[in-house]
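Student: Please pick one part of this model and go through it closely. I would also like to know how that part relates to the rest.

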Amino acid sequence: MAWNEAKAWMRGKLTGKLYQDLLDDAKNAPARNAKRRKVVRPEEMPWEMSRQGLLKHLLNEQMNTRMDTVDAYLQIIPPGSRSGKHRHLAEECLYVLEGRGYDLHQDCDVEITDTYHWKAQDEVKRYEWEAGDVIYIPPNTIHQHFNADPERPARLVSAINRIYRMSGLNDLEQIENAPEYDPQIVLTGELIQRYLAPRIKEPA
């Protein structure tokens, strides 16, 4: 037999029930899914002061919902502030609920072989947005959101698919932290309200 395969295939003593595990998993899926939430209440959505900024998670794999393929969060950018700057392989879209501002996007050249390489292009593109707009983030684009309103916070809903991560390509890299991020600060309800509140103009 070619390449002496006849001498090789009988080697090994490991046994397992891997295919049966797949069958069991499929059989148990309805009962398992019945325990997962189809409706998530506001009080069940975790707040996080992340390196990307202030987030309220709407859908996340750790939240035990029926959603298997998408993560979503509400991002709040305080008046005149900005999000963190990051890059990820998966594409993303954001709906602008409230506010006005702009994005800075920097495309990257990517090579995926046995290893993964990327290099940022020189050009940085600016995109203006306001309430009602949808922002599209192409795959592997360095991006950052800026709130252009010095008085009111901006609110953006982000949706990103989990497919790349589930395929072993969880290429998420934080390049710059949001100004409000401090790992020493404990996020409290009072602090959240401060970020959500419009700024009061100083008397002339």
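**A loop and its surroundings**

Tutor: Gln 62 sits in the loop that links β2 (53–59) to β3 (70–77); helices and strands here are DSSP runs, H or I over at least four residues for a helix and E over at least two for a strand, numbered from the N terminus. The model is predicted, so local features need pLDDT of at least 70 and side-chain atom pairs count only at pLDDT 80 or more, while totals for chains, interfaces and linings use all residues. Residues are numbered from 1 along each chain as its sequence is written, and side-chain values use heavy atoms, with hydrogens and water left out.

Is Gln 62 buried or exposed? Gln 62 is exposed, because its relative accessible area is 78%, and the cut-offs are under 20% for buried, over 50% for exposed and partly exposed in between (1.4 Å probe, protein chains only). From Gln 62 to Tyr 136 the C-alpha distance is 25 Å, with their positions 74 residues apart along the chain.

The loop between β2 and β3 also holds Asn 64. Asn 64 counts as partly exposed, since its relative accessibility is 41%. Its phi is positive, near 55°, and the residue is not a glycine. Most residues other than glycine have a negative phi. Another such case is Asn 140, with a positive phi of about 60°, placed in the loop between β10 and β11 (142–147). Asn 140 is buried, because its relative accessible area is 2%.

Arg 162 belongs to the loop between β12 and α2 (163–166). With 3% relative accessibility, Arg 162 counts as buried. Neighbours within four places in sequence aside, Arg 162 is in contact (heavy atoms within 4.5 Å) with Asn 60, Glu 61, Met 67, Asp 68, Thr 69, Val 70 and Asp 71. Arg 162 is also 9.9 Å from Glu 91, C-alpha to C-alpha, though 71 residues separate the two in sequence.

Now the interior. The largest nonpolar core consists of 8 residues, namely Ile 77, Leu 94, Val 96, Trp 129, Ile 135, Ile 137, Ala 154 and Leu 156; such a core is a set of buried Ala, Val, Leu, Ile, Met, Phe, Trp, Tyr and Cys residues joined through side-chain atoms within 4.5 Å. At least two of these core residues come from each of β5 (92–98), β10 (134–137) and β12 (154–161). Apart from this core lies another, of 6 residues, including Met 49, Leu 74, Ile 76 and Tyr 195. In soluble globular proteins, nonpolar side chains tend to be buried together. Leu 156 touches Tyr 73, Leu 74, Gln 75, Ile 77, Leu 94, Tyr 95, Val 96, Trp 129 and His 145, residues up to four places away in sequence not counted.

For the chain as a whole, there are 3 helices and 13 strands. Of its 204 residues, 32% count as buried. Among contacts with a separation of 6 or more, 74% join residues 24 or more positions apart. The C-alpha trace spans about 90 × 45 × 35 Å along its principal axes. The radius of gyration is 23 Å, whereas a compact globule of 204 residues would have one near 17 Å; the radius is taken over C-alpha atoms, and the globule rule is 2.2 Å times the number of residues to the power 0.38.
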